[in-house]
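This report describes selected local features of one protein model. The sequence and structure are shown first, and the description follows.

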Amino acid sequence: MLKTLYTRLALGLFLLLLAVGLLYTFISLYSLREYSASVNQALHRDLANSLVSDRNLVSEGQLDSSALEELFALYMTINPSIEIYLLDLDGTILSYSADPAKIKRKQVSLEPLRRLMEDMSRYPILGDDPRSHDRQKIFSVTPVPSVEKPDGYLYVVLRGEEYDAAETMARGGQILELSIWALLISLAVVMVAGLAIFRLLTRRLTDLTQLVEAFENSDMTQKPSVTWRDKRPVVRDEIDYLGVTFDDMARRIATQIEQLTEKDAQRRQLVAQVSHDLRTPLASMQGYIESLKLRRDRLSQQEQERFLDIALKEGRRLSRLVDELFELAALEAQEKQPVPEPFPLAELVHDVVQKHSQAAQDSQLELILSGDPDLPIAYADVAMTERVLDNLIGNAIAYSSAGGCIEVILGQESGVPEVCVRDTGPGIPEKDLPHIFDPFYRGDASGAGHAGLGLAIARRIMALQGGDIRVENRAVGGASFCIGLPVYLPK
């Protein structure tokens, strides 16, 4: 029953309105009572003085006891809502008009009486009720027989026993009934209006919930056909912001699932490629070693050495492939992080070129370093950058024919230090260029596709360092690989 937000809001509104209504009723009744007391005391503040004057209670400077008794009897009949008490100067009750059986006090406090007599506009002021030890009532008071020579006080309680009984009946009857009806009608009107407003407010939440449920029940590979932006193009409040955020989240989830599916397919292909590329040198090495073992007595010394050289070459190839696999895995998992530092790129390139000079000569290739040596200071990991340069120059030597030329060019593009390695090999087929940096990518047999991980490692290293690597075919033949590194900016 309370599972929906709308139901909870409705229940919360009802309880809140009920609490506010009860509080309002209590405050209203209390305020009405205080207001009634103030009005009653204001209207009858001179009642005690009027009784003394009109009923001739004072004769020749003395209080007339018989006239006072007649006054008690008269007001008990015509106005039972008031009670009249005669007090001495200490507040002791001398006589009264109330039922003697219900009088519980013998004395009342004179402090409230004096405060009212000092300022008749200060009301409501409550005095002691002789019929109770703790209750107080509004009153009227006057000194008797005179203000100049008081012998006591005429103390008139304006809300006597009869008034309390009548008020209790009224409060328990009509007033209470009116209050309950007013409360119920107010609750009903405000509840209906509140439910209508809540319905308007929660309608969009319901729509958003339906969008979420529809996406949840789908395979999450397709972006939602209906988005929140289609319904609410303009973001106006938090609900719209939540809807727009869900649209973005759903789009990212669908994209990520698509990427994961693609990555899973690539992983399967990678496992197959790894298995093939590991099995080939391993099988070749195993075959030559077995042949050597079985035919050692029939092979010449030169053939035995050739078999061992081939097995050693395949073993080194296998070892290099395994090392590259571990290196790429560490880079992909970000276990191997670059440690950037400022360094002169031209000096590093010069050292790498010198390192590969002998290999180029052995392959009958010309290795040339050219360009502008005054490059901006690069900010990257020196060892990782050297690893990339080794790979690019090594590939250029491997894929260039004897008599060719490999040119390493220093330069800068928009203030970024750049190194390009250009060879005179067969180049890369245009359809294979977008995949040249994929692990275990193989181009056409006639092209220069690669079967290793060097270029994939180079791309990952450059990405980790905030640099870039790109490739293009030269118009005169061959390929050109270029890397760009971040510039060092002193703080």
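## Ile180 and its surface patch

Ile180 has a relative accessibility of 41% and is therefore classed as partly exposed, since that class lies between the limits of 20% and 50%. The model is a predicted one. Ile180 belongs to helix H5, which covers residues 161-217.

Together with Trp181, Leu184, Ile185, Val189 and Val190, Ile180 makes a nonpolar surface patch of about 580 Å².

## Thr142 in strand E6

Thr142 is placed in strand E6, residues 136-144. With a relative accessible area of 5%, Thr142 is buried, because the class is defined as under 20%.

Apart from neighbours within four places in sequence, Thr142 is in contact with Ala48, Asn49 and Val52, and also with Gly152, Tyr153 and Leu154.

## Helix H9

Helix H9 consists of 18 residues, 345-362. At 1.5 Å a residue the expected span is 26 Å, and the end C-alpha atoms are 27 Å apart, which agrees. H9 nevertheless has a kink of about 40 degrees, centred on His356. His356 is also one of the buried residues of H9; the others are Leu345, Ala346, Leu348, Val349, Val352, Val353, Ser357 and Ala360.

The cover over these buried residues includes helix H10 (382-399). Strands also contribute to that cover, among them E8 (341-343), E9 (366-371), E10 (378-380), E11 (405-413) and E12 (416-422). Just after H9, Gln364 adopts a positive phi of about 60 degrees.

Technical notes:
Residues numbered from 1 in each chain as written. Predicted model: local features only at pLDDT ≥ 70, side-chain atom pairs only at ≥ 80, totals over all residues. Heavy atoms only, no water. Patch = residues over 30% accessible without salt bridge, like charges linked within 9 Å, V, L, I, M, F, W, Y side chains within 5 Å. Areas by Shrake-Rupley, 256 points an atom, 1.4 Å probe, with all protein chains shown as cover. Salt bridge = Lys/Arg side-chain N within 4 Å of Asp/Glu carboxyl O. Helix = DSSP H or I, 4+ residues; strand = E, 2+ residues; numbered from the N terminus. Buried < 20%, exposed > 50% of the residue type's maximum accessible area, 1.4 Å probe, protein only. Contact = heavy atoms within 4.5 Å. Expected span 1.5 Å × (residues − 1). Bend = angle between axes of the 7 residues up to and from the residue.
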